[in-house]
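The following exercises ask the reader to work through one protein structure step by step. Each task is followed by a worked solution.

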Amino acid sequence: MRVLTFTSLYPNNIWPNHGVFIKERVTHFAALPGCEVKVVAPVPYFPPLKINHRWRFSQVCRRAMVEGLEVHHPRYFMTPKVGMSLYGWLMFLSVLATVKNIHRQFDFDLIDAHYIYPDSFAAVLLGRVLGKPVVVSARGSDVNLFQEFPLIRRLLRYTFRSARKVIAVSQALKRKIVELGIGAEQIAVIPNGVDTRKFYPAPKPGARQRLGLPPNKKMLLSVGNLTVNKGGELLLRALRRLLDHMPEEDPYLILIGEGALRKELEKLVERLNLKGHVRLIGAIPHRELYLWYSAADVFCLASSREGWPNVILESLACGTPVVATAVGGVPEILRSDKVGMLTGRDEVEFAEKITRALNTPWRSDTIVQYAKKYTWEQTALSVFHVFETVSQERIRYEN
């Protein structure tokens, strides 16, 4: 089976952590017998002028090999923050020549598109031009956020209805898609997995020593983009509450990630008098995250919306329990109180749950075994069965 993966969310030489969860699914699928994959990961066009941060798009290489897969990065035109309803059309028109050229050399059976708008919208247009079926994968924010815009909501519906099959990463996301008027029978739920060869427990004292972290403090960790949705401000306020009401815990919070909210969070650390209790680490290579998870006592996720957050599985695979807001697919991951706790998105309740988690005698081996139920190999096999069904339907239709 030959597959063309189409998504703007894919690691590259400038942003190696970009869309790692998609890369994992694609590479594990490509490792299955008889499966071949090429990837087209469009990048916004920007001239190589250091006008603002967007100039780095110009530094993304045009073609690369990523874990054995050929990845193309054609440029597409977009107008930041305006004309959102045109993004899908602009992406389609910009990459059409590249995809046609790949098709001449690599006659793929179907298009595997990730992120519903604009990526999957562009992909279904490519599918129509090339006469190829398209399977689209919804990840979370692409549905949860964009459906709030009336015109984009219509484009989401068009994309879903034009796709031969839809993959949702959680039951919660499937319900959201059904609310858009898409038939439940068209949607397969396939959660993400975790690679336990990359995420595994390291001895806590050694991990803290290697990372230069305090050896005796109660360590809290959060990994994610520094955006409003991820709840960094909520975590800081919950930490302040912990220090005020339970100073004996002496917690220490580490925030890993970058984003537009960094300066605001740094100012909040100052205002809440949290210096000495918080570190904003910035982006960390994906392969090094296991040390940070292993060094932590509790992993925290304070998101307002999620699809299937891989950071939870990564933490569990390292034997670290989780406290997370009960949004999206999170309750589908944290099904057992032996691995973590769900909380409301409120600083008082979050602080209470963190306190309980810090005082719970967790069993690291139980947490690790729980995470091992979710493997990328299983995910890849489930995806293969969906693709195989779509390919067989196409053959029957053509005959």
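Helices and strands are here DSSP runs, of at least four residues for a helix and at least two for a strand, and they are numbered from the N terminus. The model is predicted.

**Exercise 1. Determine which elements line the largest cavity, and describe the classes of its lining residues.**

Solution.
Step 1. Count the cavities: there are two of 30 Å³ or more.
Step 2. Take the largest cavity, whose volume is about 100 Å³. It is lined by 15 residues, and those closest to its centre are Ser222, Gly224, Asn225, Leu226 and Lys230.
Step 3. Assign the lining to elements: β11 (218-223), α8 (232-245) and β12 (251-256) each contribute at least two residues.
Step 4. Sort the lining by class: eight residues are nonpolar, six are polar and one is charged.

**Exercise 2. Identify the element that gives the most residues to the lining of the second largest cavity, and state how far that element is covered.**

Solution.
Step 1. The second largest cavity has a volume of about 40 Å³.
Step 2. Its lining consists of Val3, Thr5, Arg25, Val26, Phe29, Val37, Asp112, Val383 and Phe387. Two or more of these residues come from each of β1 (2-6), α1 (20-30) and α15 (376-398).
Step 3. With three residues, α1 gives the most.
Step 4. By class, the lining of the second largest cavity holds six nonpolar, one polar and two charged residues.
Step 5. Turn to the cover of α1: 10 of its 11 residues are buried. Among them are Arg25, Val26 and Phe29, and these three names also appear in the lining of the second largest cavity.

**Exercise 3. Decide whether Leu220 is buried or exposed, and list its contacts.**

Solution.
Step 1. Locate the residue: Leu220 belongs to strand β11.
Step 2. Apply the cut-off, by which a residue is buried under 20% relative accessible area. Leu220 has a relative accessible area of 2%, so it is buried.
Step 3. List the contacts, leaving out residues up to four places away in sequence: Leu220 touches Leu239, Leu242, Pro251, Tyr252, Leu253, Ile254, Val298, Cys300, Ile354 and Leu358.
Step 4. Set sequence against space: Leu220 and Val322 are 102 residues apart in sequence, and their C-alpha atoms are 9.8 Å apart.

**Exercise 4. Describe the backbone at Tyr115, Pro118 and Asn273.**

Solution.
Step 1. Tyr115 has a positive phi, near 80°, and is not a glycine. Tyr115 lies in the loop between β7 (110-114) and α3, and it counts as buried because its relative accessibility is 17%, where buried means under 20%.
Step 2. The peptide bond from Tyr117 to Pro118 is cis, with omega near 5°. Pro118 is part of helix α3 (residues 116-130).
Step 3. Asn273, which is not a glycine, also has a positive phi, of about 55°. Asn273 is found in the loop between α9 (262-271) and β13 (278-282). Its relative accessible area is 56%, so Asn273 is exposed, as exposed means over 50%.

**Exercise 5. Assess how compact the protein chain is.**

Solution.
Step 1. The chain has 15 helices and 16 strands.
Step 2. Its radius of gyration is 22 Å, close to the 21 Å from the globule rule for 399 residues, so the chain is as compact as a globular protein of that length.
Step 3. The C-alpha trace spans about 70 × 45 × 40 Å along its principal axes.
Step 4. Of the 399 residues, 58% count as buried.

Technical notes:
Residues are numbered from 1 along each chain as its sequence is written. This is a predicted model: local features need pLDDT of at least 70, side-chain atom pairs count only at pLDDT 80 or more; totals for chains, interfaces and linings use all residues. Side-chain values use heavy atoms; hydrogens and water are left out. On a 1 Å grid over the protein atoms alone, a cavity is a set of points where a 1.4 Å probe fits but cannot get out, and a pocket is an open set with protein on both sides within 12 Å along at least five of seven lines; lining residues have an atom within 4 Å of a point. Grid points are joined across faces, edges and corners, and a volume is the space filled by probe spheres set on the points. Ala, Val, Leu, Ile, Met, Phe, Trp, Tyr, Cys and Pro count as nonpolar, Asp, Glu, Lys and Arg as charged, and the others, Gly among them, as polar. The radius of gyration is taken over C-alpha atoms; the globule rule is 2.2 Å times the number of residues to the power 0.38. Buried means under 20% relative accessible area, exposed over 50%, partly exposed in between (1.4 Å probe, protein chains only). Contact means heavy atoms within 4.5 Å.
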